[in-house]
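Reader: I'm new to this one and would like to talk it through slowly. Could you put it up on the screen so that I can ask as we go?

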Amino acid sequence: MSKIVVFNGSPHANRTTAAVLNAIADGAASKGAEIVHYDLNAKYIRGCQDCGSCRREGKEDAEMVCVEDDYLKPMYKDVLEATGIVLGTPIYGGNITAQTLTFLQRLRPFRDPERRSLIPGKNFVTVITQGNPDKDQYVPRIAELQRVFVSYGWEQVADVVWGGAGLVDGALPEDMQKEAFTAGEKLV
């Protein structure tokens with residue numbers, strides 16, 4: 001069975017970004033995938049301390065570990081087992097959220113001492129929600145986010161960007177629901 005790990009980088013657990021991520025998860029689940037969610041704002045998460053523990057020589061793949069014992073600690077096992085990763089973030093002040101940046105930095109244990117990926121071959125979807133109706137406004141920021149995942153040898157199967165984002169009566173508009181659901185199906 002496929003395992004999809006979904007990371008919500010929004011400080012709002014149940015708003016726009018979460019709604020898109022849930023629709024993607026529904027699409028993946030419809031194809032039989034197990035879904036694991038992480039709310040990057042829900043618990044205490046420390047940033048990378050660049051201590052080097054995760055890069056020590058002779059480390060085996062199974063020993064990929066971060067010394068930080070926080071909410072993200074189980075994420076390492078989940079990402080190792082995953083066939084697909086989903087990361088969603090709103091754009092605030094022209095950039096990804098601090099929660100998202102912290103998560104990206106905590107992926108460092110997935111590289112060997114020469115900075116090569118230890119876990120290539122996963123699929124990924126990025127989700128960007130933004131108040132600006134121009135979907136192309138933040139293309140450079142979106143590309144930076146995607147480059148991180150590509151540098152791990154992961155393949156992008158979809159990119160969901162919602163310009164002028166906002167739930168209508170608490171729900172995703174039908175076109176966004178369909179786009180997100182389809183992205184989830186592609187992950188599996």
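Reader: Let's start with F149 and W154: are they buried or exposed?

Author: Both F149 and W154 are buried, and please keep in mind throughout that we are looking at a predicted model.

Reader: And how are the planes of F149 and W154 set to each other?

Author: They form an aromatic pair of the tilted kind, with 5.0 Å from centre to centre and 45° between the planes. An angle of that size is called tilted because stacked is kept for planes under 30 degrees apart and edge-to-face for those over 60.

Reader: How many aromatic pairs are there by that rule?

Author: The count comes to seven aromatic pairs. One of them joins Y38 and Y71, which meet edge-to-face at 5.7 Å centre to centre, with 75° between the planes. That pair links distant parts of the chain, since Y38 sits in strand β2 (residues 34-39) while Y71 sits in the loop between β2 and α2, and the two are 33 residues apart.

Reader: Which residues make up the aromatic cluster with Y38 and Y71?

Author: F7 and F103 join Y38 and Y71 there, and the four form one aromatic cluster. Y38 itself counts as buried, because its relative accessibility is 6%.

Reader: Changing topic, how many salt bridges does the structure hold?

Author: It holds nine salt bridges. In one of them, the side chains of D78 and K3 meet with 2.8 Å from N to O. This bridge also connects distant parts of the chain, with D78 in helix α2, K3 in strand β1 (residues 3-8) and their positions 75 residues apart.

Reader: Why do D78 and K3 count as buried?

Author: D78 counts as buried because its relative accessible area is 11%, and K3 does so because its relative accessibility is 7%; the cut-off for buried is under 20%.

Reader: Which residues are linked in a network with K3 and D78?

Author: The network of salt bridges links K3 and D78 with K77 and E81.

Reader: What about R106, what does it form a salt bridge with?

Author: R106 forms a salt bridge with D70, and their closest N and O atoms are 2.7 Å apart. R106 lies in the loop between α3 and β4 and D70 in the loop between β2 and α2, so this pair ties together parts that are 36 residues apart in sequence. Both R106 and D70 are buried.

Reader: And the bridge of E144 with R141, where is that?

Author: Both residues belong to helix α4 (residues 139-151), and because they are three residues apart in it, about one helical turn separates them. The closest N and O atoms of E144 and R141 are 3.5 Å apart. E144 is partly exposed, with a relative accessible area of 37%, and R141 is partly exposed too, at 29%.

Reader: While we're on helices, where does Q146 lie, and how far from Q156 is its C-alpha atom?

Author: Q146 also lies in helix α4, and its C-alpha atom is separated from that of Q156 by 7.9 Å, with the two residues ten apart along the chain. Q146 counts as buried, because its relative accessibility is 13%.

Reader: Now for the surface: which residues form the negative patch?

Author: D159, E174, D175 and E179 form a negative surface patch. The largest share, three residues, comes from helix α5 (residues 174-187), whereas D159 lies in strand β5 (residues 155-163). D159 counts as partly exposed, because its relative accessibility is 33%.

Reader: One last thing, what is the phi of D50?

Author: D50 has a positive phi of about 50°, although it is not a glycine. The residue is placed in the loop between β2 and α2, and it counts as exposed because its relative accessibility is 55%. R115 likewise has a positive phi without being a glycine, of about 70°, and its place is in the loop between α3 and β4.

Key: Residues numbered from 1 in each chain as written. Predicted model: local features only at pLDDT ≥ 70, side-chain atom pairs only at ≥ 80, totals over all residues. Heavy atoms only, no water. Patch = residues over 30% accessible without salt bridge, like charges linked within 9 Å, V, L, I, M, F, W, Y side chains within 5 Å. Areas by Shrake-Rupley, 256 points an atom, 1.4 Å probe, with all protein chains shown as cover. Salt bridge = Lys/Arg side-chain N within 4 Å of Asp/Glu carboxyl O. Lys, Arg positive; Asp, Glu negative; His and termini not counted. Charge placed at Lys NZ, Arg CZ, Asp CG, Glu CD. Helix = DSSP H or I, 4+ residues; strand = E, 2+ residues; numbered from the N terminus. Buried < 20%, exposed > 50% of the residue type's maximum accessible area, 1.4 Å probe, protein only. Phe/Tyr/Trp six-rings, centres within 6.5 Å; stacked < 30°, edge-to-face > 60°.
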